[in-house]
Amino acid sequence: MKRKIMTKELRQVLMDDFKEQVARDVMDVQTADYVMKLMTVYGVNIVALRQFVRLEDGLKPFSRRLLWTMYHDHKLYPDGRFVKVPEFIGHVAKYHPHGDIDTGFNGLVRPWENNAPLLTVRGNKGSESGETAAAVRYLDAKLSPYSFDCFFSEFDKDTAVMTNNYINSDEEPVFLPAKYPNFLINTSSGIGWGFAASYPPFNLNEAFSLTQSLIEHPEMKRVYLYPDSPRGYNVIDDGTIADVCEAGIGNIGTEAEVEYSEEDHALYVSGFPEKIMFEDVMEKISLKVKAHKISGIINMADTSSNGTGSFSIELRKDANPQQVINELFDANVGLRASATLGFYFAERTSVVQYGMRAAILEWIERRINQKQKYYIKKIGKDHNRMRNLSAIIPVIANTDSYSLAAKIIRNSEDDESALQALKTEFGLSSSQGSMLLDMKHRDSNKAKVQKYENEIKTLAERVDEYRSIITSKDSIKEVIYEDLEEGKKRHGKPRVCRVIKEKDRTRQEIFYRIVVSKRYIKKLSVASKAVGIAGDDEVIGAHPDVSENDKIVVIDTSGRSYTIAVKKILPSDATSKGNDMVSLVGLKSDAVRSFHISQELIDNVDKGMLSIFTTNGIIKTTPLYQYITNKTELQGIVLNDGDKVCWAHIYSVEDADHDYQLVYTDSGFGLAISMDNITTQDRATKGSQYLKLDGETVRGVARVQLNDTVLVITNKGYCKKCELASIFETKKRRQAMIKLTGLIAGDSVFKIIPIDSSSDSVTLSLKSGEKVKLNLAMDIPKLPRLAQGKKLVPVRLGDAIYKVTMG
């Protein structure tokens with residue numbers, strides 16, 4: 001949706017009417033009506049000059065002029081020096097005469113509010129608690145990498161829309177030709193005459209990906225984003241966010257993150273909504289406690305660290321933590337607020353209101369126009385360079401003329417006379433003569449000729465490339481798409497704010513993050529980032545958001561299953577090993593897989609199946625309900641001598657026909673097996689032989705789709721990517737396996753991993769402590785099935801790969 005608040009024509013009519021009446025020395029109007037008309041013109045100008053952002057660059061006038069001063073007047077580039085803020089902040093007044101400049105600057109240096117900071121600042125930038133930044137005389141600053149890349153990496157005065165500053169002493173851009181849709185990234189708001197604009201922050205990766213989707217599919221409907229901020233609050237999805245984004249105006253619910261720690265019986269509060277300072281929240285809570293409107297609280301303490309605002313709430317021993325949480329949110333103390341969306345954008349003579357889809361599509365169209373101007377300018381510059389080079393090559397190619405040119409330059413009194421002599425002697429233009437004048441004449445003329453001829457060839461190729469781009473709108477869109485892709489790589493960060501469905505807001509249970517290794521099980525807080533698994537151990541299952549009332553089922557190599565109630569698992573932290581499952585449930589051998597048995601899974605248990613794979617190629621599938629009992633230990637499969645379980649998998653019978661498990665051996669043979677082809681058998685029985693191993697054993701199993709690309713890693717450090725093919729699927733028992741990779745002598749497969757879109761790198765950990773991080777797209781080649789991989793990991797004698805982590 002797009003709504004224009006005031007047109008250029010309306011403004012002109014009002015001004016013409018005013019001029020006509022002044023010329024007649026008559027004001028034949030109702031004073032109130034006429035003042036309201038002029039106030040509309042005045043209000044729109046105030047909005048355009050001070051309060052609202054431009055769609056093209058997502059910047060308010062002050063922010064744009066500050067960046068322009070730093071770039072144009074002081075050249076404070078990201079790779080350059082820091083300077084004291086007072087050295088340049090006063091010069092912003094040359095372009096921006098409105099408001100308190102220091103206050104405007106402080107609004108741009110808050111790292112807890114900006115997904116992509118426009119400035120890199122050294123010094124006290126303030127804090128989320130409400131602490132103000134240090135006075136500007138104590139701060140050093142320069143343009144941030146994002147700011148330079150977005151606004152100035154392609155800046156050219158000849159293609160930008162420039163205007164004189166208000167004192168006509170210099171030029172400034174009406175808007176910066178932004179490479180990215182910056183209006184979606186950082187929080188901002190503005191109040192103008194009759195209008196209130198608000199631009200919530202959205203995740204850069206998500207915003208750029210959405211823009212890419214609209215480049216490819218402009219007909220897309222239901223275009224929306226969830227707010228995301230370094231503050232880390234929760235975003236409440238009440239089902240209206242898509243409608244709010246479509247309209248470009250409305251409220252999106254947000255609330256602070258409140259976590260309960262069973263270990264110290266306390267609540268930890270963090271992730272405060274926009275414009276909420278946690279010290280204000282603590283003060284309001286204290287008043288509510290004194291008024292007996294919140295119960296169960298003994299004390300509160302500031303637990304902020306590393307610039308993030310948080311505090312803890314110590315609870316009484318008999319307090320119900322969920323009850324306290326409910327009272328906190330009901331008491332209106334600032335833990336819940338709205339992220340307001342008001343997509344009003346300033347034009348030169350109007351204010352335009354867009355929905356999110358319309359705003360992004362309009363940005364794309366304007367970006368296409370900017371790109372076209374940019375390439376046309378580039379073509380012109382390259383053409384001029386080619387003409388100049390073509391003109392001076394004959395001069396320097398001939399030894400006599402080259403010597404004459406050098407003699408003219410040496411014997412001239414100054415550069416101007418030398419330039420005129422060169423133009424006259426060789427019939428050159430001023431720019432061609434200047435090029436010859438600036439040349440180092442000590443170099444070989446033959447070397448110069450070759451160098452310039454090569455340059456002409458390069459320029460000609462580049463001009464052809466630019467021409468092919470500007471002649472096709474789709475080609476320009478492809479360039480913009482690639483710019484956005486590169487922007488995600490350079491400046492993107494993972495989402496910080498969680499999105500919570502409205503129905504999940506009232507948490508009646510406490511949730512944990514359960515991590516299971518071969519011998520230990522850990523119950524961590526949901527917010528815990530670190531796991532803390534010992535180097536010789538390996539994670540075999542990670543389960544986020546596990547309820548205190550849920551269960552974890554663990555399968556070990558002996559084929560037994562163990563049902564562990566989450567309530568019986570003692571809380572852990574990243575520094576401890578966790579609960580020893582031998583002591584906890586009598587684990588008989590190393591665990592190979594674990595599963596989260598939630599209430600939802602129990603409700604649909606009739607559709608669930610649990611399959612077990614062994615190293616000797618036995619596969620067995622059993623209805624899941626046979627494992628959901630009150631018994632702690634059950635026999636899942638009866639194994640033959642020397643056999644052991646290497647993998648287990650839960651799936652739905654409804655998905656069995658497209659649920660594939662890739663089984664592979666040490667020597668690089670493998671087969672993708674459809675779970676639809678596995679016969680169901682009761683628990684505590686032997687399985688069936690589905691694989692013809694010819695004396696080998698199964699190295700591992702991975703869940704895949706037949707069109708997946710997999711990463712193959714060998715023990716000697718060879719890596720490759722390989723596309724799976726439909727020929728891998730087995731249709732009958734004892735299917736011969738297919739060679740998946742070539743191996744050098746003495747090498748074997750370490751692991752085969754399907755690559756999903758969420759991963760862009762892989763880290764391989766060696767027992768020596770060395771870690772090798774590889775980019776999936778750039779470092780690891782995609783090779784045919786039978787080819788061996790590329791040596792990428794330096795596995796030395798006595799060392800070995802022991803862990804692979806996708807990132």
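Trainee: Three strands form an open sheet with strand 41 in it; what is their order, and is the pairing parallel or antiparallel?
Mentor: The order is 42-41-44 and the pairing is antiparallel, where strands are DSSP runs of E with at least two residues, helices are runs of H or I with at least four, and both are numbered from the N terminus. Two strands pair if DSSP finds at least two bridges between them. This is a predicted model, in which local features need pLDDT of at least 70, side-chain atom pairs count only at pLDDT 80 or more, and totals for chains, interfaces and linings use all residues. Residues are numbered from 1 along each chain as its sequence is written, and side-chain values use heavy atoms, with hydrogens and water left out.

Trainee: Okay, and which are the edge strands there?
Mentor: Strand 42 (771-775) and strand 44 (801-806) are the edges, each pairing on one side only. Strand 41 (residues 761-766) is joined to strand 44 by five antiparallel bridges, and Ser765 stands opposite Lys803 in strand 44.

Trainee: Switching to the four-stranded open sheet, what's the order there?
Mentor: That sheet runs 11-12-14-13, again with antiparallel pairing, and its edges are strand 11 (257-261) and strand 13 (297-302). Strand 12 (residues 266-270) and strand 14 (residues 310-315) share five bridges, with Glu314 in strand 14 as the bridge partner of Ala266.

Trainee: Which helix lies across strand 13 and strand 14?
Mentor: Helix 9 (residues 278-290) does, running at about 165° to strand 13; angles run from 0 to 180 degrees between N-to-C directions, and axes are lines fitted to C-alpha atoms, for helices over the stretch in contact.

Trainee: New topic: how do the axes of helix 11 and helix 14 cross?
Mentor: The axes of helix 11 (residues 356-397) and helix 14 (residues 430-438) come within 9 Å and cross at roughly 55°, so the two helices are oblique to each other (under 35 degrees is roughly parallel, over 145 roughly antiparallel, 65 to 115 roughly perpendicular, and the rest oblique).

Trainee: Which residues meet there?
Mentor: Among them, Arg385, Leu389 and Ile392 in helix 11 meet residues of helix 14 including Gln432 and Met435, where contact means heavy atoms within 4.5 Å.

Trainee: Last one: is strand 29 mostly covered or exposed?
Mentor: Strand 29 (residues 645-652) is mostly covered, with eight of its eight residues buried (under 20% relative accessible area, with exposed over 50% and partly exposed in between, for a 1.4 Å probe and protein chains only). Strand 26 (residues 608-614) pairs with strand 29 in the antiparallel sense over seven bridges, and Ser611 stands opposite His649 in strand 29.
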